[in-house]
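Take a look at the sequence and the model below. This report goes through charge pairs, a buried arginine, a pocket and a few backbone details.

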Amino acid sequence: MVRPIARVLLFPFAMAVLLVGIYTAAMHAPAPHHLKIAVAGPPAQTGPLAASLRKGLGDAYDVSTVASAERARKLVAHRAVAAAYVPTPAPGDRAAGTPSTTFAQPPRPSGPVLYTASAAGAAQVNLAAAPFTNAAVQQHQFLQVRDLVPLSTDDTSDTSTMYAAIGLTLAGYLSAVMLSTVFGTGLTRRRTVAALAAFGAAAAIAVWLITGPILGAVHGFAPAILLTGWLTVMAVGTATVFLSRFCGRMTPLPAVAIFMFLGMPASGAALPIATMPAPIRALHDLLPMTSTSGSLRQIMYFGSEGIDRYWLTLALWALAGLLLTLAYDTLKARRTGPRNDTDALPRQTADPAPSH
């Protein structure tokens with residue numbers, strides 16, 4: 001009796017260990033790794049400053065230089081760099097964007113300007129600003145911080161896209177797990193895919209209704225949000241169906257480990273991806289949650305710019321899950337086919353003895 005109980009409790013034990021181990025290892029001491037920042041102005045001025053920053057910051061930041069404040073603003077607005085520093089701004093440079101609510105603003109700004117975009121990730125603003133805040137203090141200047149793409153007033157915590165991505169990911173792997181658990185092999189692949197597609201549409205609509213029209217936390221082009229949600233459910237769901245071919249009743253364990261425990265820190269939705277350990281950073285562009293949260297952020301704040309690569313990643317996950325499941329089932333059928341045919345044959349019996 002003890003052994004069956006231990007086997008049953010092994011699953012929740014493994015889930016707890018994975019959750020605490022992965023999340024703590026990834027996020028217990030966030031520190032920047034090659035966080036991209038820029039310095040704008042004439043080369044004679046920016047060159048020595050950039051060289052000094054590179055020497056002092058090491059591998060924590062990647063410091064680049066640009067010739068104009070206008071170019072710096074474009075880089076920040078397009079998420080190419082996390083922040084851009086203008087040591088000697090023109091009057092027009094001080095009016096770009098809006099005053100940052102994260103930093104105190106000088107009453108009569110006369111010092112350098114720092115451009116940020118909190119909509120690109122509020123958690124990385126302080127990290128990106130730290131080197132320039134220190135530089136301004138050393139020069140006895142008051143840094144003016146301008147937010148080029150501020151967060152929505154309904155998303156001031158910058159968590160709405162993260163929770164929407166979590167919900168859609170949960171919908172993806174839990175639906176596949178439930179279908180596999182309840183119906184097993186009794187549900188054909190075609191019906192499984194049809195069920196996931198229908199459920200994905202319903203889940204996407206539900207998440208959009210709750211986060212959008214009801215709460216106002218996620219906004220933007222509704223068809224794009226719905227397509228992102230549906231692709232997420234299909235990507236995670238079909239991949240989980242493939243996992244179920246190997247893992248059976250234990251499918252929830254690898255599914256939640258891959259798509260949630262690894263997917264969350266690798267997405268950069270909770271903390272900047274530049275602060276994650278190298279193994280987690282390597283998964284950033286691979287796991288579905290990155291594409292889900294990234295798509296929603298692009299829809300909300302950046303006019304859906306570059307969203308096609310996120311959708312392509314989700315579509316490839318869905319297609320790979322389908323093709324791998326089909327290949328596995330086909331190979332398994334070929335291997336078991338001859339055996340089943342042999343079993344179906346009548347057993348050979350000895351010839352009856354001749355009667356005398």
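Is Asp-329 buried or exposed? Asp-329 is buried, because its relative accessible area is 15% and the cut-off for buried is under 20%. Keep in mind throughout that this is a predicted model.

## Salt bridges

Side chains of opposite charge can pair when their charged atoms come close. The structure holds four salt bridges. Three of them are described here, among them two that involve Asp-329.

| Salt bridge | Closest N to O distance |
|---|---|
| Asp-93 and Arg-73 | 3.0 Å |
| Arg-189 and Asp-329 | 3.0 Å |
| Arg-245 and Asp-329 | 2.8 Å |

Start with Asp-329 and Arg-189, whose side chains meet at 3.0 Å. This pair links distant parts of the chain. Arg-189 sits in helix α6, residues 189-214. Asp-329 belongs to helix α11, and the two residues are 140 apart. Arg-189 is partly exposed, with a relative accessible area of 36%.

The second partner of Asp-329 is Arg-245, at 2.8 Å from N to O. Arg-245 lies in helix α7 (residues 222-247) and Asp-329 in helix α11, so this bridge ties together parts 84 residues apart in sequence. Arg-245 counts as partly exposed, at 28% relative accessibility. Through the shared partner, Arg-189, Arg-245 and Asp-329 are joined into one network.

Elsewhere, Asp-93 forms a salt bridge with Arg-73, with 3.0 Å between the closest N and O atoms. Asp-93 lies in the loop between β3 (83-86) and β4, and Arg-73 in helix α3 (residues 69-77), so the bridge ties together parts that are 20 residues apart in sequence. Asp-93 is buried, with a relative accessible area of 12%.

## A buried arginine without a salt bridge

Which residues does the side chain of Arg-146 reach through backbone oxygens? One is Ala-96: its backbone oxygen lies 2.8 Å from a polar atom of the Arg-146 side chain. Another is Gly-97, whose backbone oxygen is reached at 3.0 Å.

Arg-146 is found in strand β6, residues 144-147. Arg-146 is buried yet has no salt bridge. The nearest side chain of opposite charge is that of Asp-147, 9.2 Å away. A salt bridge needs a separation within 4 Å, so a pair 9.2 Å apart does not count as one.

Beyond its neighbours within four places in sequence, Arg-146 is in contact with a run of residues that includes Arg-94, Ala-95, Ala-96, Gly-97, Thr-98 and Pro-99. Its contacts also include Val-113, Leu-114, Tyr-115 and Thr-116.

## The largest pocket

Rolling a probe the size of a water molecule over the atoms shows where empty space is left. The largest pocket holds about 1000 Å³ of space. Its lining is made of 40 residues, and those closest to its centre are Arg-79, Ala-120, Gln-124, Ile-273 and His-284. The elements that give two or more residues to this lining are β1 (35-40), α4 (122-138), α10 (288-301) and α11 (307-344). Helix α10 gives the most, with five residues.

## Backbone and burial details

Most residues other than glycine have a negative phi, and most peptide bonds are trans. His-34 has a positive phi of about 55° although it is not a glycine. His-34 is found in the loop between α1 (2-27) and β1. His-34 is partly exposed, with a relative accessible area of 40%.

Asp-158 also has a positive phi of about 55° and is not a glycine. Asp-158 lies in the loop between β6 and α5. Asp-158 counts as buried, at 8% relative accessibility.

Thr-161 is placed in helix α5, residues 160-183. Thr-161 counts as buried, at 2% relative accessibility. Leaving aside neighbours within four places in sequence, Thr-161 is in contact with Val-218, Ser-293, Leu-296, Arg-297 and Met-300.

Last comes Ser-110, in the loop between β4 (98-99) and β5 (113-116). Ser-110 is exposed, with a relative accessible area of 64%. The C-alpha atoms of Ser-110 and Leu-174 are separated by 56 Å, with the two positions 64 residues apart along the chain.

Notes:
Residues numbered from 1 in each chain as written. Predicted model: local features only at pLDDT ≥ 70, side-chain atom pairs only at ≥ 80, totals over all residues. Heavy atoms only, no water. Helix = DSSP H or I, 4+ residues; strand = E, 2+ residues; numbered from the N terminus. Buried < 20%, exposed > 50% of the residue type's maximum accessible area, 1.4 Å probe, protein only. Contact = heavy atoms within 4.5 Å. Lys, Arg positive; Asp, Glu negative; His and termini not counted. Polar contact = N/O pair within 3.5 Å; in protein donor to acceptor, adjacent residues only side chain to side chain. 1 Å grid on protein atoms, 1.4 Å probe; cavity = no way out; pocket = protein on both sides within 12 Å on 5 of 7 lines; lining within 4 Å. Points joined across faces, edges and corners; volume = space filled by probe spheres on them.
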